[in-house]
Amino acid sequence: MRVIIAGCGKVGITIVERLVREGHDVAVIDTDSKVISDVTDNFDVMGVVGNGASYSTLKEAGIEDANLLIAVTDSDEQNLLCCLFAKKAGGCNTIARVRNPVYSGEIGYIKEELGLSMTINPEYAAATEISRLLRFPSAIKIDTFARGRVELLQFVIPEGSVLSDTAIENLPQTVRVGVLICAVEREGEVVIPNGQYILRAGDTISIVASPNHARNFFSRIGIDIHRVRNAMLVGGGTIAYYLSRQLLSYGIEVKIIEKDRDRCEQLADLLPQAVIINGDATDHDLLMEEGIEKADSFVTLTGIDEENIFLSMFAQQHNAGAKLITKTNRIAIDDIVSKFHLGSMIHPKNITAEYILRFVRAMQNTIGSNVETLYNIVENKAEALEFTIHADAPVVGIPLAELATKDNVLIACIIRKGKIILPNGQTSIEVGDSVIIVTTHRGFGDIKDILKA
């Protein structure tokens, strides 16, 4: 598929990397010639220096033959204009990044009037993910399927857990709750386990379950499931604003530490229920004075990765029970940071790329199904996908035990008319089902991709 990306910032580059990896024909547009030079040196893409809202620039990038334009420049207005021109010039699908909270209440109207295929707000998406984690702090990561009916949760098996040294096939007798373990990470390796796989303390496991069953599962294995009562946020940017609104609506107390006085005054007007502190969080005395030792959760949202990491380490030393969430932009440092066990890591650009990649895979659909949801899980070493099954799907009506699926593919869950089914070998997929697949393979765009050739 031919895709044009306008804007080569952090989000743009992440999208380029994902699309090139999946074999798409990509062209990039940016006003900075050095940025274009760097992108074309690192990826097999066509580069155009110019304004993505210019017809001549779009034409040079091949808009007349493009299937999709993705506008992720720093300006919301320019992104919308790029999409409008692309729609007129080439009639292709368009995706715009729209970040400003001013537009958040009007995004449906904007999308309809401009004929956008999709809008994405990285900060709002990141805030929503953080909010889920603070409402279920025992999990490292929570992804949702089937409009919230099914959750995929990751957590680390603690020392002394009833799960440790237990074979997966024996779990039903141990915990007596309907959950399915769909992926295990151990010492950097990820496996899609079978029933004989024996769990160990320290494993990072991913489970699929309904929200109620997930809570019962955590309760029965002795892990606290209560949501946090308060949150201390460092950094008062857009993510902090969106996150605070969500947390306050759930009755969670919010304290924001921000060193820019003008921004503090804005936040005080926008979030009258929150406590806004004008100060530098790298001043450890300030953190102690503001009660870091008693905080239920500590979320670092500054624009500097190193600052966020060191602040989380400080919080860990002074409050071992707090839920820690650390925002970083450079995903490459995760392997190092993960050794410090700093709770959950959040990457807004990665979340954005997943949303867009899901849309691209759905556009590629050839027969029988559509990609409804897509997540990278277990440190991006596996994918979880949700497919909606149509009449021509080659998996319909066949017991799962008879399906010739590829290795490292697990049919984790089936949602049928609102009912959640954890399948066994005799279960069959039917037309209209939503099916959740977990796999270490990349690039699945259709349910038929799970089958051997």
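The following dialogue discusses how to read a sheet, two loop residues and a domain interface in a predicted model.

Colleague: Let us begin with the sheet. In what order do the 6 strands of the open sheet lie?

Modeller: Strands of a sheet pair through backbone hydrogen bonds, in either a parallel or an antiparallel manner. In this predicted model, the order of the 6 strands is 3-2-1-4-5-6, and their pairing is parallel. Strand 3 (46–49) and strand 6 (118–120) form the edges, each pairing on one side only. From one strand to the next, the twist averages 15°.

Colleague: Over how many bridges do strand 1 and strand 4 pair?

Modeller: Strand 1 (residues 2–6) and strand 4 (residues 68–71) pair in the parallel sense over 4 bridges. As an example, isoleucine 5 has isoleucine 70 in strand 4 as its bridge partner.

Colleague: Which strands does helix 2 touch, and which does helix 14 touch?

Modeller: Helix 2 (residues 33–42) packs on the sheet against strand 2 (25–30) and strand 3, and its direction makes about 180° with that of strand 3. Helix 14 (residues 348–364) also packs on the sheet, where it touches strand 4, strand 5 (93–97) and strand 6. The direction of helix 14 makes about 165° with that of strand 6.

Colleague: I now turn to the backbone. What is the phi of aspartate 165, and where does this residue lie?

Modeller: Most residues other than glycine have a negative phi. Aspartate 165, although not a glycine, has a positive phi of about 65°. Its place is the loop between strand 8 (150–156) and helix 7 (171–175). Aspartate 165 counts as exposed because its relative accessibility is 56%, and the cut-off for exposed is over 50%.

Colleague: How should asparagine 408 be read, with its positive phi?

Modeller: Asparagine 408 is not a glycine either, and its phi is about 60°. It is located in the loop between strand 19 (382–389) and strand 20 (409–416). At 40% relative accessibility, asparagine 408 counts as partly exposed.

Colleague: Finally, what area is buried between domain 1 and domain 3?

Modeller: The size of an interface is often given as the accessible area lost when the parts come together. The domain assignment places domain 1 at 2–120 and domain 3 at 355–450. Between them about 1,100 Å² is buried, with carbon and sulfur atoms giving 76% of that area. Arg18, Glu22 and Met118 supply 40% of what domain 1 buries against domain 3, more than any other three residues. Contacts join 14 residues of domain 1 to 13 residues of domain 3.

Colleague: How many salt bridges are found across the interface of domain 1 and domain 3?

Modeller: The rule finds 1 salt bridge across that interface. The side chains of arginine 361 and glutamate 22 meet in a salt bridge, at 2.4 Å from N to O.

Technical notes:
Residues numbered from 1 in each chain as written. Predicted model: local features only at pLDDT ≥ 70, side-chain atom pairs only at ≥ 80, totals over all residues. Heavy atoms only, no water. Pairing = 2+ DSSP bridges. Helix = DSSP H or I, 4+ residues; strand = E, 2+ residues; numbered from the N terminus. Axes fitted to C-alpha atoms, helices over the stretch in contact; angles between N-to-C directions. Contact = heavy atoms within 4.5 Å. Buried < 20%, exposed > 50% of the residue type's maximum accessible area, 1.4 Å probe, protein only. Domains from an automatic or database assignment. Buried area = accessible area lost by both parts, 1.4 Å probe. Salt bridge = Lys/Arg side-chain N within 4 Å of Asp/Glu carboxyl O.
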